[in-house]
Amino acid sequence: MGAPEHPRQQDAVPAPDGIGRRRFLGYVVAASTLTVAAEIGEAVVAPTPAAAVVPSVPGPAEIYDLNDMLTHATLPTANLITIRLDPDGTAHFALPRAEVGQGITTSSAMLVAEELDLPLDRVRVTLADARPELLFNQLTGGSNTTISTFTPIRVAAAVARGRLLHAAALELGEALDTLTAKAGVITSTLSGKSLTYGELAEKAASVTTGQVSVALKDTSEFKVIGTAQRRVDALEAVTGRKKYAMDLKVPDALPAMVCRPPTINGTVRSVDNLDTVRAMPGITDVVRISGKVAVRGRTFGQCIDAVRALKVTWGPGTADGESDDTIADELRRAELPMPALDVLTKSVDARFTFHFASNSALEPNCAVADVREDSAEIWASLKSPITAQEQIALTLGLPTAAVKVHVTEGGGSFGRKLFHDGAAEAAEISKATGKPVRLMWHRTDDFRHGRTHPMSTSRVRASYALGQVLTYRQHHTSVATDFGHGVGEIITAEAAQLPVGDLTFSETIFTLTQQTPYNFGVVTQLLGETDKGFHTGSMRNIYSPNVRCAQELVVDELARRMGKDPYRFRRSFLKEDRARAVLDKVAEVGGWGRDMPAGTAQGIALHPEYHGYVAVLAEIDCRPQTTGRTIPDAYTGPRVTKVVCAVDVGLAVNPRGLEAQMMGGIMDGIAITLSSGLHLDNGHFLEGSWDNYFYTRQWNTPPKLEIVVMPPTGGKPGGAGELAVAGAMAAVACAYGRATGTMPTTFPINHDGPLGFEPLPTSPPVPASPTDGLSRAY
């Protein structure tokens, strides 16, 4: 894709004081081999505002954001997260988060290797089973994993290193200060004698749990953290040895699939041919479950045939009769009114519409379940496994302790795996059949019945006079976002579903994530919600892509009306030096302002979130059929030809992993700006698979792509998992506006054009042969 092999990182500069040599408390846990844990606490630091002619009061998210809240919620149970050193000299860490491709097993292994002075390939990171005692400390979301685990993992590793040194001093009969630890070996500088960590693992163990004080390495001493590392699971991934839920060999767990209604949340009224379908080749069970019909068979192909053969009479759903137009009307009616205009100022007024977008990952929704009379065991990729365990136990009528939930690695998520609907269905089918099952959704089910990023509108008004922006007001109105996963356990999950609680929950998330990097006088950003009949979720970056895209387009319009260059206009209003640095960097590296042919243009945008900053410069070609590349007939619209991204996340634990995260976020941003959206028609989505949902692919990926990882601006990492999506979406939208001379207001931009594909039927068709249409429909 034209990206450099290694992330471009500027010459290192001394980082401000970070964690440094402060003391932290850890634990040595009673065990047969060395096991350690951490207990820590950190302060919240508010940003330092920059001077401005019309400064803005810091918004809530600039003082205390969602990431701060999630991090502080993890602190009471940080001491329950342990590192174990095994007799073979390897360190084992069960990470209480979900690895879904973002690379957190690698970055976590790097933290252990750094403080333990152990080679990276001697660190084993697995995924922890659901552990209710962790409370809020087993939720994967909000770009929070590295931030919240950065210090606890390091403290635990530092405790282990200290215990090993003490054990070596006793074993060798030498003073502690004569010993050095390196690459898993402790050596005496006096005698030259050495012992491996493996030889000391049992000797360093403790028969009682005790508290220990440790000092962490200073950032200047880092040898692993901050270096570009390949993923620890890369070989397994590219050779097909990586184990996902559908790869697990659970005894007697046969494939299962579900026949779903033609419209969202429809219900089963009757099934006319149950016995006939039960008699089909390979089918072992056909059962009715909540609002659906499930089949279990010897192969997934046989299950698909059975699903297609079912003759079901369906009841109405929660979105019957709804379409893009009816939802758009509903959103407009629900918009909060704007205040009266001030006759002494000028203003930019705009309304933006963002259509539904699919939350599907490449791995279809799936789970394995074995439910018995007095117990249950579940295997699935789950980002909120405690909520899944507690709610599935409640549904099955079992004690929570009787339901064991194993977290498997996942093939993508983008917020989708915050929900455990696949695991819950698998458990329900297993209970109904009395047999273990391997449930997999059809690809079409993911698009039509899975999670979507909700349709929304954003009404923006910015007033200005005498070269200054005086007020900025944004009213964002959205189909309700489902936060039924809570913040990791059943109490907040249930609270989020209450008639009043859901909006309160959404408003809290909105307030703690949305901010503006500009001094625009009085800034007001409000959320309103409507229509709860859809399966929605926190797709990557939650509200930010739509909110920031609307704001950055208005910033471009303000610059145009004031006769200013868009880059220099932004720069003059920025609050933070870190924001100014990333903006300057993309302008420099991307050649901002260079001459370009008519119909092409540059766009530039900025996004701050979770203590990180990203700036993106995008170049777009809006001339039809000019690239010479082969593209599908269904899509002949604008193409992004170049992207430069500068990212500052404080301390980048793994710059190579950060580069990959930015690249993925950029592809998401391009997709939801130009081509990827769902068309709602009479209660169902027309898109049914990846062949008619136009995500960014090889033919519309920018051939020039460069990621600049900025020098460390602190001793701790910021959030990175979602950061680039909003910045890329806004930059591409601004580039489109400058290339066409018209500010885009509907997203994706191609949504109202020709559909470009023949929609799949709303009910599973009966094929002419067992495999007919399989690859296209499912």
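The following exchange between a trainee and a mentor examines a predicted model.

Trainee: Which residues in the largest nonpolar core touch the most other members?

Mentor: In this predicted model, the largest nonpolar core holds 60 residues. Helix 15 (residues 544-561) gives the most to this core, contributing seven residues. The members that touch the most others are Phe 352, Phe 534, Leu 558 and Phe 569.

Trainee: With which residues is Leu 558 in contact, leaving aside its neighbours within four places in sequence?

Mentor: Leu 558 is one of the members of the largest nonpolar core that touch the most others. Once neighbours within four places in sequence are set aside, its contacts are Val 348, Ala 462, Tyr 464, Val 469 and Phe 569.

Trainee: How many residues does the other core have, apart from the largest one?

Mentor: A second core lies apart from the largest nonpolar core. Among its members are Leu 34, Ala 113, Leu 200 and Val 407. The count of residues in this other core is 57.

Trainee: What is the geometry of the aromatic pair formed by Tyr 472 and Phe 520?

Mentor: A pair of aromatic rings is described by the distance of the centres and the angle of the planes. There are 13 aromatic pairs in the model. For Tyr 472 and Phe 520, the centres are 6.2 Å apart and the planes form an angle of 40°, and the pair is tilted.

Trainee: How many residues apart in sequence are the parts that the pair of Tyr 472 and Phe 520 ties together?

Mentor: Tyr 472 belongs to strand 24, whereas Phe 520 is in the loop between helix 14 (501-513) and strand 25 (522-530). Both Tyr 472 and Phe 520 are buried. Because the two rings lie in these elements, the pair ties together parts whose separation in sequence is 48 residues.

Trainee: Why is the pair of Phe 569 and Phe 573 tilted?

Mentor: Phe 569 and Phe 573 are both in helix 16 (residues 566-573), four residues apart, about one turn of the helix. Phe 569 is buried, as is Phe 573. Planes under 30 degrees apart would count as stacked and over 60 as edge-to-face. The ring centres are 4.8 Å apart and the planes stand at 50°, so the pair is tilted.

Trainee: Which residues do ring pairs link into a cluster?

Mentor: Tyr 472 and Phe 520 form one aromatic pair. The rings of Phe 569 and Phe 573 form another pair, with centres 4.8 Å apart. Ring pairs link these residues and Tyr 518 into a cluster, namely Tyr 472, Tyr 518, Phe 520, Phe 569 and Phe 573.

Trainee: At what distance from the ring centre of Phe 419 does Arg 451 lie?

Mentor: Two arginines may be described here. The charged end of Arg 416 sits over the ring of Trp 441, 5.3 Å from its centre. Arg 451 lies over the face of Phe 419, and its distance from the ring centre is 3.7 Å.

Trainee: Which strands are the edge strands of the open sheet of five strands?

Mentor: The open sheet has the order 25-24-23-16-32, with mixed pairing. Within it, strand 24 and strand 25 run parallel and are joined by nine bridges; Thr 477 stands opposite Gly 528 in strand 25. Pairing on one side only marks the edge strands, which are strand 25 and strand 32 (746-747).

Trainee: Which residue in the turn between strand 13 and strand 14 has a positive phi?

Mentor: Strand 13 (residues 283-289) is mostly covered, with five of its seven residues buried. Strand 13 and strand 14 (residues 292-297) pair in the antiparallel sense over six bridges, and Asp 285 stands opposite Arg 296 in strand 14. The two strands form a hairpin with two residues between them, and the turn residue with a positive phi, about 70°, is Gly 291.

Trainee: Is Ser 506 buried or exposed?

Mentor: Ser 506 is found in helix 14, and its side chain makes a polar contact with the side chain of Glu 529 at 2.9 Å. Beyond four places in sequence, Ser 506 touches Thr 481, Phe 483, Leu 527, Glu 529 and Tyr 543. The cut-off for buried is under 20% relative accessible area. Because its relative accessibility is 0%, Ser 506 counts as buried.

Conventions
Residues numbered from 1 in each chain as written. Predicted model: local features only at pLDDT ≥ 70, side-chain atom pairs only at ≥ 80, totals over all residues. Heavy atoms only, no water. Core = buried A, V, L, I, M, F, W, Y, C linked by side-chain atoms within 4.5 Å. Buried < 20%, exposed > 50% of the residue type's maximum accessible area, 1.4 Å probe, protein only. Contact = heavy atoms within 4.5 Å. Phe/Tyr/Trp six-rings, centres within 6.5 Å; stacked < 30°, edge-to-face > 60°. Lys NZ or Arg CZ within 6 Å of the ring centre and 35° of its normal. Pairing = 2+ DSSP bridges. Polar contact = N/O pair within 3.5 Å; in protein donor to acceptor, adjacent residues only side chain to side chain.
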